[in-house]
Protein chains: 2
Amino acid sequence: MKTTTLSALAESNRLQIVELLRNGPLTVGEITERLRLRQPQVSKHLRILSDAGIVEVHAFANRRIYQLRRQAFQELDAWLDSFRRIWEEKLDRLDDYLQELQSKEGCREDQQ
Amino acid sequence: MKTTTLSALAESNRLQIVELLRNGPLTVGEITERLRLRQPQVSKHLRILSDAGIVEVHAFANRRIYQLRRQAFQELDAWLDSFRRIWEEKLDRLDDYLQELQSKEGCREDQQ
DNA sequence: GTTGAACATTCCTTAAAAGGAATATAAAAT
DNA sequence: ATTTTATATTCCTTTTAAGGAATGTTCAAC
């Protein structure tokens, strides 16, 4: 997983933009209006989301239409998948670890 | 989705800690050793991960054993799910949006 | 009870990110 | 051609987060 993707999402205004775009593509002006932000900030946030590959732009006259990029979410999903398997395999590995730890302690005592 | 979760993950050292813990619980010392960081920084990062609900601690003598919290990943998963549906429903909503936009332009001309 | 190991916390400095205001650009409307 | 609309960018200030060094705390071992 790339930290650029995560840190792009880790800012509340940007997260709101992403959740807005869940309902379909929007222009900068529409986002500005709905989130009650200033246009330059929205443009800046969109730049960061765009650089992170989370959104993509399409120019239409003097409008810019932003929409979510599927791939970004697929990547996140794939990453999460590597964690899902952990709990599928075993619910609680703490007991195992404690035993392992305790047996190591035992060894140390023997050696001293 | 909470931005605390995302920003906790959005830092490379912390992301590495999380990926380390994928293989099972570890003590602070083990994390410190494997990531070649300084102990205080590791403790600080673990604090942030813990506050975000991504890891949980178990005290064992003077050791602290950290492990991933399933719920955090389930929440991320649930959030991602709301996006999966978008693309299941419709692959490309840009064309729709463009038509919508163009019909609005038409209206505006009529009104003026 | 004194020493050492494991970990957490504090304080300070430095670096990165965010917001604001102003300005730049490019297409559209007049 | 000039003005207006939509958007991007720049520069500056403020806030937030990270790293380093030192110190605090707790338990264990002796």
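Which side-chain atom lies 2.7 Å from a phosphate oxygen of DNA strand D? A polar one, belonging to A:Ser43. Keep in mind that this is a predicted model.

## Around DNA strand D

Let's stay with that strand for a moment. A:Ser43 is one of the residues that come nearest to DNA strand D, along with A:Gly29, A:Gln39, A:Tyr66 and B:Lys44, out of 24 residues around the strand. Of the strand's atoms that come within 4 Å of the protein, 57% are sugar and phosphate.

The backbone of chain A joins in at the phosphates too. A:Gly29 puts a backbone N or O atom 2.7 Å from a phosphate oxygen of DNA strand D, and a polar backbone atom of A:Arg64 sits 3.3 Å from a phosphate oxygen of that strand. As for which elements supply two or more residues to this surface, chain A brings helix 3 (28-35), helix 4 (39-51) and strand 3 (63-68), while chain B brings helix 2 (12-21) and helix 4 (39-51). Sorted by class, the residues near DNA strand D come out as six nonpolar, ten polar and eight charged.

## Around DNA strand C

Now for the other strand. DNA strand C has 24 residues around it, and the nearest are A:Lys44, B:Gly29, B:Gln39, B:Ser43 and B:Tyr66. Sugar and phosphate make up 62% of the strand C atoms that come within 4 Å of the protein. One phosphate contact comes from A:Asn13, where an N or O atom of the side chain is 2.8 Å from a phosphate oxygen of DNA strand C.

The bases get some attention as well. The side chain of B:Gln39 has an N or O atom 2.7 Å from a base nitrogen of DNA strand C, and B:Lys44 has a polar side-chain atom 3.5 Å from a base oxygen of that strand. Helix 2 (12-21) and helix 4 of chain A, plus helix 3 (28-35), helix 4 and strand 3 of chain B, each give at least two residues to the surface near DNA strand C. That surface holds six nonpolar, ten polar and eight charged residues.

## Where the two chains meet

The contact between the protein chains draws 46 residues from chain B and 46 residues from chain A. Together they bury about 4100 Å², with 69% of that on carbon and sulfur atoms. On the chain B side, B:Arg22, B:Trp87 and B:Tyr97 lose the most area to chain A, and together they account for 16% of what that side buries.

What about polar links across the contact? There are two salt bridges between chain B and chain A, and six residue pairs in polar contact, both at pLDDT 80 or more. A:Asp77 and B:Arg84 form a salt bridge in which the closest N and O atoms are 2.6 Å apart. Plenty of elements of chain B give two or more residues to the side that touches chain A: helix 1 (3-9), helix 2, strand 1 (26-27), strand 2 (55-60), strand 3 (63-68), helix 5 (70-89) and helix 6 (94-111). Helix 5 of chain B gives the most, with eleven residues. The residues on that side of chain B split into 23 nonpolar, ten polar and 13 charged.

## How the copies are related

Chain B can be laid on chain A by a turn of 180° and a shift of 0.0 Å along the axis, with an RMSD of 0.1 Å. The two copies are therefore related as by a two-fold rotation axis. Both copies also use the same surface, with 100% of the contact residues of chain B recurring in chain A.

## Salt bridges across the whole structure

Over all chains, a search of the whole structure turns up 14 salt bridges. Among them is the pair B:Arg69 and B:Glu56, whose side chains meet at 3.8 Å, N to O. B:Arg69 lies in the loop between strand 3 and helix 5 of chain B and B:Glu56 in strand 2 of chain B, so this salt bridge ties together parts that are 13 residues apart in sequence.

Terms used. Residues are numbered from 1 along each chain as its sequence is written. Chains are lettered from A and ligands numbered from 1 in the order in which they are written. This is a predicted model: local features need pLDDT of at least 70, side-chain atom pairs count only at pLDDT 80 or more; totals for chains, interfaces and linings use all residues. Side-chain values use heavy atoms; hydrogens and water are left out. A residue is near a molecule or strand if one of its heavy atoms lies within 4 Å of it. A polar contact is a pair of N or O atoms within 3.5 Å; within protein, one must be able to donate a hydrogen and the other to accept it, and residues adjacent in sequence count only if both atoms are side-chain atoms. Helices (H or I, at least four residues) and strands (E, at least two) are DSSP runs, numbered from the N terminus. Ala, Val, Leu, Ile, Met, Phe, Trp, Tyr, Cys and Pro count as nonpolar, Asp, Glu, Lys and Arg as charged, and the others, Gly among them, as polar. Contact means heavy atoms within 4.5 Å. Buried area is the accessible area (1.4 Å probe) that two parts lose on being put together, summed over both. A salt bridge is a side-chain nitrogen of Lys or Arg within 4 Å of a carboxyl oxygen of Asp or Glu. Copies are superposed by least squares on the C-alpha atoms of residues with pLDDT of at least 70 in both.
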